[in-house]
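Here is a short report on the fold, surface and nonpolar cores of one chain. Take a look at the model first.

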Amino acid sequence: MKLVLLGPPGAGKGTQAAELCKEYNLLHMSTGDLLREAVKNNTAQGIKAKSYMDKGDLVPDEIVAAMITDKLKAVDISAGFMLDGFPRTKRQAEILDAALIALNMPLDMVVYFATTEETILSRLTGRRICRSCGRIFHVTNIPSKKEGICDGCGGELYQRNDDKAETIKNRINVYNSQTKELIDYYKQKNLLRKVSGDMDVNELFIVLKDTFKKSGLL
Ligand code: AP5
């Protein structure tokens with residue numbers, strides 16, 4: 001399966017991607033994770049990206065597209081992949097199309113997680129992430145057994161810098177003005193499948209598996 005997960009911040013893309021990639025042995029590529037890693041390691045790309053990410057703005061297309069196209073060439077994607085948070089502009093979508101055509105690995109499906117602004121705000125303000133393994137929790141929706149500690153590896157849970165109310169508002173505006181148009185872009189290519197991001201995590205996981213089955217991807 002060669003998939004893109006599209007949707008507003010906090011729609012649950014990363015949560016579902018982690019489970020689906022485990023279940024189907026797909027390569028999970030999240031530009032948000034790659035960028036946070038670059039910032040942590042103080043790489044040239046990370047230093048450039050940080051100021052955009054802190055404000056909730058998009059990092060310039062050339063930086064993000066280079067990260068993904070380099071990664072696509074460097075790793076084995078023959079078993080399939082899931083792109084989470086990329087593409088986010090029409091320019092990125094076109095660069096991705098060209099890269100995948102060159103690899104003879106065109107996309108099978110783009111899953112669009114539709115959700116409301118109210119859900120986004122409550123999900124993002126309550127999100128906590130494990131510093132060691134990256135597992136995603138939520139203070140009320142998906143709480144860890146012991147407050148502040150990851151159930152999986154015992155690592156410390158932290159709140160992302162851009163998960164503060166003011167930055168979240170800008171991320172929503174950025175999504176509406178720069179990313180939302182990709183819904184039509186992929187609809188026209190007959191690749192788009194819409195699911196409700198408002199569903200419970202397990203319910204949505206089942207709906208996604210069912211969508212893949214019905215489309216002949218499984
Ligand atoms: P990125 O990390 O990609 O952030 P995002 O798209 O804003 O998405 P999120 O990670 O915030 O949300 P998600 O949909 O994955 O939700 P999650 O599963 O975690 O990007 C960060 C920044 O990097 C950008 O602002 C930009 O600066 C830069 N960037 C990244 N990619 C770029 C690109 N292509 N171009 C340019 N710049 C780029 O869930 C959220 C919360 O809800 C969690 O707490 C979770 O536990 C909970 N939850 C999840 N599902 C459910 C559910 N079904 N029910 C209840 N709770 C749920």
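The chain exposes about 11,200 Å² (Shrake-Rupley method, 1.4 Å probe). Carbon and sulfur atoms supply 49% of that area. This is a predicted model: local features need pLDDT of at least 70, side-chain atom pairs count only at pLDDT 80 or more, and totals for chains, interfaces and linings use all residues. Residues are numbered from 1 along each chain as its sequence is written, and side-chain values use heavy atoms, without hydrogens and water.

Nine helices and eight strands make up the secondary structure (DSSP runs; helices are H or I of at least four residues, strands E of at least two, numbered from the N terminus). The radius of gyration, taken over C-alpha atoms, is close to the globule rule (2.2 Å times the number of residues to the power 0.38), so the chain is as compact as a globular protein of that length.

| Property | Value |
|---|---|
| Radius of gyration | 17 Å |
| Globule rule for 218 residues | 17 Å |
| C-alpha box along the principal axes | roughly 45 × 40 × 30 Å |

Of the 218 residues, 48% are buried (under 20% relative accessible area, 1.4 Å probe, protein chains only).

The largest nonpolar core (buried Ala, Val, Leu, Ile, Met, Phe, Trp, Tyr and Cys joined through side-chain atoms within 4.5 Å) has 33 residues. Leu 72, Leu 83 and Tyr 186 are among those with the most contacts inside it. Helix α4 gives the largest share, five residues. A second, separate core of 18 residues includes Met 1 and Phe 212.

Beyond its neighbours within four places in sequence, Tyr 186 is in contact (heavy atoms within 4.5 Å) with residues including Pro 87, Leu 107 and Leu 192.

Notes: Buried < 20%, exposed > 50% of the residue type's maximum accessible area, 1.4 Å probe, protein only.
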